[in-house]
Amino acid sequence: MERDRDKNRKILEKIRGIEIHEYKSGLSVEEAERLYGVKAIKLASNENPYGPTPKVYDALRNFSFFNVYPKEIPELKQALADYLGVEESRIVLGAGSDGVMDSIFKMFVDKGDEVIIPIPTFSYYHTLSSIYSARVINVERREDFGIDVDAILNAVSNKTKLIFICSPNNPTGNSERFEDVKAIVESVDCAVFIDEAYAEFADENLLKLSDYENVIISRTFSKAFGLANLRIGYAVMDEELVKYYKAVSPPFPVSTIAQLCALQCLGDLEYMRDCVEKIKAERERLFRELKKRGIKAFPSQANFLFTKSPIKASEFVLELIKRGVIVRDCSNFLGCDEFSVRVSVGKPEENDAFLRALDDLLANL
Ligand SMILES: *Cc1c(COP(=O)(O)O)cnc(C)c1O
């Protein structure tokens, strides 16, 4: 099987003249059990450990139209418009924000076009760039992981079609300054894609910038709202862009049930905010506990911490899995060094399990 896959990929690359950077998700609980025989806790995909509001389960129980193709639920767009404070006509849905991004590439990027990506960041931007045969211009971040505005503007050419800004940034956890992103948006003719998958965990957001006609801001129900498995995300953009988005979007990108569940989430913001508060409190506790142990962690505006492991990240992550905790090795992320590790913030007892595993690992170094 593996050999066939390799062969197929070689053929595809030959035809298209590109190398595909396949998106690799973290190790699952099932894989860890199969490979290492441990029942592990997963702190590697930035999911909401509390799950969605219980109201979601009511929506699921009461749904009976599985045989019918999905349609858009107008109430969801209205609820999103209220939640965000933007016009309904500027909101689009997608199969997760990943699905939104795919449509954005379809809209803007042709073979040979350029895409600017500040690194390190979310690797799916690179995956899509390779799929759409774009040339990626990677721009290193500053020491504090903030974007380097001058370097980004210097990288812009007449072939640049998209600039990616992830805020808070995955995997580094920092938010971008409003003025920095605004400076970019105002200086360029191309589209600026702002990925706010973690906005609910941050003190500030960049949503106001969606008033610019070259800005697309994506959000998701996968992280703070706890619906990662239902694949529903959305974006805010200029009305003119909405038309093109709809034109390139697949016919039924989001199931009705996913939309109904998202609507339940927006109807119970208190639940989401309660989860966010618990996670933020734990994020700060984990930060302090890591520091106590001499492990460098960076301040985070998201539901994860970016850390530097005391041994190579690949070994560190492996040793933690053997001790029952899965965290994310980021050493293969473009722009990360070999000691880069990302830890999702879990429930208090999960974070305690991580700290115990870490103490055991450190004691055996
Ligand atoms: C998790 C994540 C996504 C993917 O979100 P979905 O809505 O589940 O597709 C997008 N961007 C970033 C930065 C993420 O970390």
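Helices here are DSSP runs of H or I that span at least four residues, numbered from the N terminus. With that convention in place, the predicted model can be read outward from its ligand, to whose surrounding shell helix α5, residues 96-108, gives the most, with 4 residues.

The shell around the ligand divides into 5 nonpolar, 5 polar and 4 charged residues. Of the 14 residues around the ligand, those that come nearest are Ser97, Tyr198, Thr220, Ser222 and Lys223. Two of these residues also appear among the polar side chains that face ligand oxygen atoms: an N or O atom in the side chain of Thr220 is 2.5 Å from an oxygen atom of the ligand, and for the side chain of Ser222 the corresponding distance is 2.6 Å. The protein covers 94% of the 390 Å² of accessible area that the ligand has on its own.

Lys223, one of the residues that come nearest to the ligand, also carries an annotation, since UniProt, in an unreviewed entry, lists it under "modified residue: N6-(pyridoxal phosphate)lysine". In the model, Lys223 lies in the loop between strand β7, residues 215-220, and strand β8, residues 233-236. Its relative accessibility is 15%, and because the cut-off for a buried residue is under 20%, Lys223 counts as buried. Leaving aside its neighbours within four places in sequence, Lys223 is in contact with Ser45, Asn46 and Asn48, and also with Ala197, Tyr198 and Phe201.

Asn170 offers a second view of the ligand's surroundings, from the loop between β5 and α8, the latter spanning residues 178-187. An N or O atom in the side chain of Asn170 is 2.8 Å from an oxygen atom of the ligand, and the side chain of Asn170 makes a polar contact of 2.7 Å with the side chain of Arg342. With a relative accessibility of 5%, Asn170 counts as buried. Not counting residues up to four places away in sequence, Asn170 touches Asn46, Thr121, Phe122, Tyr198, Phe304 and Arg342; Asn46 and Tyr198 are also among the contacts of Lys223.

Two further helices show how parts of the chain are enclosed. In helix α6, residues 124-131, 7 of the 8 residues are buried, so this helix is largely enclosed by the rest of the structure. The buried residues are Tyr124, Tyr125, His126, Thr127, Leu128, Ser129 and Ser130, and they pack against α5 as well as against the strands β3 (114-119), β4 (135-140), β5 (160-166) and β6 (191-195). Helix α5, which α6 thus packs against, is the one that gives the most residues to the ligand shell. After α6 comes Ser133, whose phi is positive, near 55 degrees.

Helix α10, residues 256-266, is mostly covered as well, with 8 of its 11 residues buried. Those residues are Thr256, Ile257, Ala258, Gln259, Cys261, Ala262, Cys265 and Leu266. They pack against the helices α3 (55-61), α4 (74-84) and α11 (269-292), and against strand β2 (91-94).

At the scale of the chain, UniProt, again in an unreviewed entry, places the feature "domain: Aminotransferase class I/classII large" at residues 39-358. In the model this span is 38% helix and 18% strand, and its end C-alpha atoms lie 17 Å apart.

Key:
Residues are numbered from 1 along each chain as its sequence is written. This is a predicted model: local features need pLDDT of at least 70, side-chain atom pairs count only at pLDDT 80 or more; totals for chains, interfaces and linings use all residues. Side-chain values use heavy atoms; hydrogens and water are left out. Buried means under 20% relative accessible area, exposed over 50%, partly exposed in between (1.4 Å probe, protein chains only). Helices (H or I, at least four residues) and strands (E, at least two) are DSSP runs, numbered from the N terminus. Contact means heavy atoms within 4.5 Å. A residue is near a molecule or strand if one of its heavy atoms lies within 4 Å of it. A polar contact is a pair of N or O atoms within 3.5 Å; within protein, one must be able to donate a hydrogen and the other to accept it, and residues adjacent in sequence count only if both atoms are side-chain atoms. Accessible areas come from the Shrake-Rupley method with a 1.4 Å probe; for residues, only the protein chains shown count as cover. Ala, Val, Leu, Ile, Met, Phe, Trp, Tyr, Cys and Pro count as nonpolar, Asp, Glu, Lys and Arg as charged, and the others, Gly among them, as polar. UniProt positions are given in the numbering used here, feature names are shortened, and annotations may be inferred rather than shown by experiment.
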